[in-house]
Amino acid sequence: MNTLRTAMLLAAMTALFMGVGFLIGGTGGMMIALLFAAGMNLFSYWNADKMVLSMNRAVEVDEKNAPEFYAIVQALAKQAGLPMPKTYLIDNPQPNAFATGRNPENAAVAASTGLLERLSHEEVAAVMAHELAHIQHRDTLTMTIVATLAGAISMLGNFAFFFGGNRDNNNPFGFVGVLVAMLVAPFAAMIVQMAVSRTREYEADRRGAEICGNPLWLASALDKIARGAERIRNPDAERNPATAHLFIINPLHGERMDSLFSTHPNTDNRIAALQEMAREMGGRSQTAPRQAPEAQQADEQRPAGPWDRAASPAPPAEPARPRPNPWGRNPTGPKGPWS
């Protein structure tokens, strides 16, 4: 089914490309756009993930330079039955993350330094489980190719301003066609992105919660990431808005994107769905997202989450702020529901 959806999406994006080419240059422009789209499709299949990582200046890390983050991804990938993806860090204070790659064997996950600094261990694990769910559902190929082609369509619309006014280009719509290409092409690409992203985020939330073992960890993480994205700008994402749908939360600043045209579902709705899932799973109170599911049958002083830290007093109603930048320590190894 995912293969069919990907093929249909590529056909739709190619048709958009040809339509914009026809508006700019008539039949000749349409044929050039077709050839360009075919080349972009082939290039995107093999290299779109590298382009997206480069756009966000992601740096690959391993167990030596990011041991705890790497251990989280490694344990979760094992729990999900996936090959170990490549892991990347993005030096950006905005908390966010995304996954990319054409298949599970050639996948990568990326997290910002802001995510690791602002979220607890359990919340980071839940976010990475969400990204692994995208890989498991094979969403990453479609979403990464859409990011590349949507950016190309938007760029083609901009080119219309420079090359569409020539009377010798066989454009049957004249300057009106040029204006339509400039205005409609980016909007059409955005519509395709919306269709790709909204339903898949809910599916990845559910599967990610199953992988990490507690939906409330992801619910808490989504709330923190959404509030962080509102306050903190992501300059790389602002320069490449066609990649916004890849992130777990829309990285674009609120003033840039009206909610009607958001590439992501409403965060409150996602949190509500996860809280309902926790109730269905018989989880603990919604006010304790850091408690492990099996803690229901254990002593109240048992350490929360998969990290088996030393027991601490019961947390206050307002969860304590996570320890700043704990990711350089050599971990003893994550333990818990996915070990």
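How many of the six residues of strand β4 are buried? Six of the six are, so β4, which spans residues 107-112, is largely enclosed by the rest of the structure. Keep in mind that this is a predicted model. Strand β4 is a good place to start.

Look at the side chains of β4. In a regular strand the side chains alternate between the two faces of the sheet. In β4, A107, V109 and A111 point one way. A108, A110 and S112 point the other way. Both sets are buried.

Now look at the partners of β4. Strand β2, residues 86-90, runs parallel to β4, and five bridges join the two. One of the bridge partners is easy to find: I90 pairs with S112 in β4. Strand β3, residues 97-101, also pairs with β4, but in the antiparallel sense. Five bridges hold that pairing as well. Here T100 stands opposite A108. The link from β3 to β4 is a hairpin through five residues.

Next, follow β3 to an aromatic ring. A pair of aromatic rings is described by the distance of the centres and the angle of the planes. The count for this model comes to one aromatic pair. F98 and F247 form it, with 5.0 Å from centre to centre and 70° between the planes. That geometry is edge-to-face. F98 lies in strand β3 and F247 in the loop between α8 (235-239) and α9, so the pair ties together parts that are 149 residues apart in sequence. Both F98 and F247 are buried.

Which residues does N56 touch, leaving aside those up to four places away in sequence? Both rings of the aromatic pair are on the list, since N56 touches F98 and F247. The others are I90, D236, A237 and T243. N56 itself is in the loop between α1 (2-55) and β1 (58-61). Its relative accessibility is 3%, so N56 counts as buried.

Step along to R57, in that loop between α1 and β1. Is R57 buried or exposed? R57 is exposed, with a relative accessible area of 57%. Its backbone deserves a look too. Most residues other than glycine have a negative phi, and most peptide bonds are trans. R57 is not a glycine, yet its phi is positive, about 55°. R138 is another such case: its phi is near 60°, and R138 is not a glycine either. Find R138 in the loop between α4 (121-136) and α5 (139-163). R138 is partly exposed, at 42% relative accessible area.

Finish with helix α9, residues 267-280. This helix has 14 residues. From its first C-alpha to its last, α9 reaches 20 Å, close to the 20 Å expected at 1.5 Å a residue. Which residues of α9 are buried? They are T267, R270, I271, L274, M277 and A278. These residues cover an arc of only 120° around the axis, which puts them on the same side of α9. The face turned away from that buried side carries the exposed residues D268 and E280.

Check both ends of α9. At the start, a side-chain oxygen of N266 reaches to within 2.8 Å of the backbone nitrogen of D268. After the helix comes G282, with a positive phi near 75°.

Methods: Residues numbered from 1 in each chain as written. Predicted model: local features only at pLDDT ≥ 70, side-chain atom pairs only at ≥ 80, totals over all residues. Heavy atoms only, no water. Helix = DSSP H or I, 4+ residues; strand = E, 2+ residues; numbered from the N terminus. Expected span 1.5 Å × (residues − 1). Buried < 20%, exposed > 50% of the residue type's maximum accessible area, 1.4 Å probe, protein only. Arc of directions from axis to C-beta. Polar contact = N/O pair within 3.5 Å; in protein donor to acceptor, adjacent residues only side chain to side chain. Pairing = 2+ DSSP bridges. Contact = heavy atoms within 4.5 Å. Phe/Tyr/Trp six-rings, centres within 6.5 Å; stacked < 30°, edge-to-face > 60°.
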